[in-house]
Structures are given as structure tokens and as C-alpha cells.
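Hi everyone, thanks for coming. Let me put the structure up, and then I'll walk you through one corner of it.

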Amino acid sequence: MYRAALQGQGNSNPRGWHQAKRFEAVIDLQTFRQESQSDFPTNKKLKDRLKRLKPKDLDVRFAENHEEVFQEIDCLDCANCCKTTSPIFLQTDIDRIAKVFRMKPSQFIDEYLQRDEEGDFVLRSSPCPFLGVDNKCLVYEDRPKACREYPHTNRKNMAGILNLSLKNTLICPAVHKIFRQIEKEYRK
């Protein structure tokens, strides 16, 4: 699933998420879906074990694995999150992106957004209408806060979002790999 091709070794991430040398990863999303679904029961058990860690230790474990994984995986090689899910749009996100398109916020909402079952604004459809054919975000500098923070694996208080992180193992190859690495650490 995470085959590395030696082509392009040393390319920097255009999004600036890490500066380390990396290999161009070829991510087969169909294989990823199968593997992530197959690993989900194991990841669910791991999540339950991780809840027992001290919050600070959990944050450190995720942050270290986040750094390591994102030296190997470039989001531009995948963009599965943009292809399959929607971020939550805060009012500040709506105002900022509407301004980019020279639209009123209400026009932006009418054209691109709907309310989900929890009352949050989300995209009407997927893939994201702002995702380019090259997997680059057309509103990258102005993207929603949820997109800026995704996949949420290098933040404080991981204990508070373990359920979300477990769900993200089915969406993001990097989160899936982070869970796999942490699970390997537990087996030692």
C-alpha cells in the first residue's frame, strides 16, 4: 500500500508540512480501503488500550509517529480526505472563502454547503469542489480550519479525539499507518 518509488527523492512537500527528504509514495486507495477496513477491529482494540495512557504520553506518542509518517507520505499523493469527506465549515471559514470567490457568505452557503445532522455546515457533495485534478486545494491559503488541522494527529489532547482518530484510520493512510506503528510498539 505504501510503496515508495525512488523517483523524486528529496522533493519538498509543496504544502510545507515537513521539510525532511522523502520518497514519492504511490498510494493505492482501493488497497488502502481494504487494509484499513480489515485492520479496523485491531485499531479499535488499540484505541481502547491507548485510553489508559497518560494524556501527555499519548500526545508524545502520536506526535512522534506523525512526524515519522509524514516524512514518507505526502498528502498530495492521496487527497482521500478531500475526495470522500467534508470538513466542518465555521462561519469564519465561510466568510473568508466567500471573499475569495467575491460572493456573499449566504451565496457561498447556498452554492456549496448544507447543514449536517448536528447542524454544522458541510459540503453538499464530494469530492470537494475545491480539489484540483492534481490533488491541490484551489483555496489552500484560505481553507477551512478543519482542513488546516487534519488529520489531527500532532495536537495536544489526543485522548479527547481518539474516537475521531479511529474513524480517520478509514480515511487517511497516514493515520492508518500511525495506528499500525503504535500497535507494533505495543507488541514489543
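How much area does the protein chain expose, and what share of it do carbon and sulfur atoms supply? The protein chain exposes about 10,900 Å², and carbon and sulfur atoms supply 49% of that; areas come from the Shrake-Rupley method with a 1.4 Å probe.

A word on the source: this is a predicted model, where local features need pLDDT of at least 70, side-chain atom pairs count only at pLDDT 80 or more, and totals for chains, interfaces and linings use all residues. Residues are numbered from 1 along each chain as its sequence is written, and side-chain values use heavy atoms, with hydrogens and water left out.

The protein chain has eight helices and four strands, which are DSSP runs (helices H or I, at least four residues; strands E, at least two) numbered from the N terminus.

Now to my corner. Helix α4, residues 91-100, packs with helix α5, residues 105-112, at an angle of about 100°, their axes 9 Å apart. The two are therefore roughly perpendicular, the word for angles of 65 to 115 degrees.

Who meets whom? In α4, Gln 91, Ile 94, Asp 95, Ile 97 and Ala 98 meet Pro 105, Phe 108 and Ile 109 of α5, contact meaning heavy atoms within 4.5 Å.

Finally, the buried residues of α5 are Phe 108, Ile 109 and Tyr 112, buried meaning under 20% relative accessible area (1.4 Å probe, protein chains only). They fall within an arc of 100° seen down the axis of α5, so they line one face of the helix. These buried residues pack against α4, β3 (113-115) and β4 (121-123).

Note on methods: Axes are lines fitted to C-alpha atoms, for helices over the stretch in contact, and angles run from 0 to 180 degrees between N-to-C directions. Angles under 35 degrees count as roughly parallel, over 145 as roughly antiparallel, 65 to 115 as roughly perpendicular and the rest as oblique. Buried means under 20% relative accessible area, exposed over 50%, partly exposed in between (1.4 Å probe, protein chains only). The arc is that of the directions from the helix axis to the C-beta atoms.
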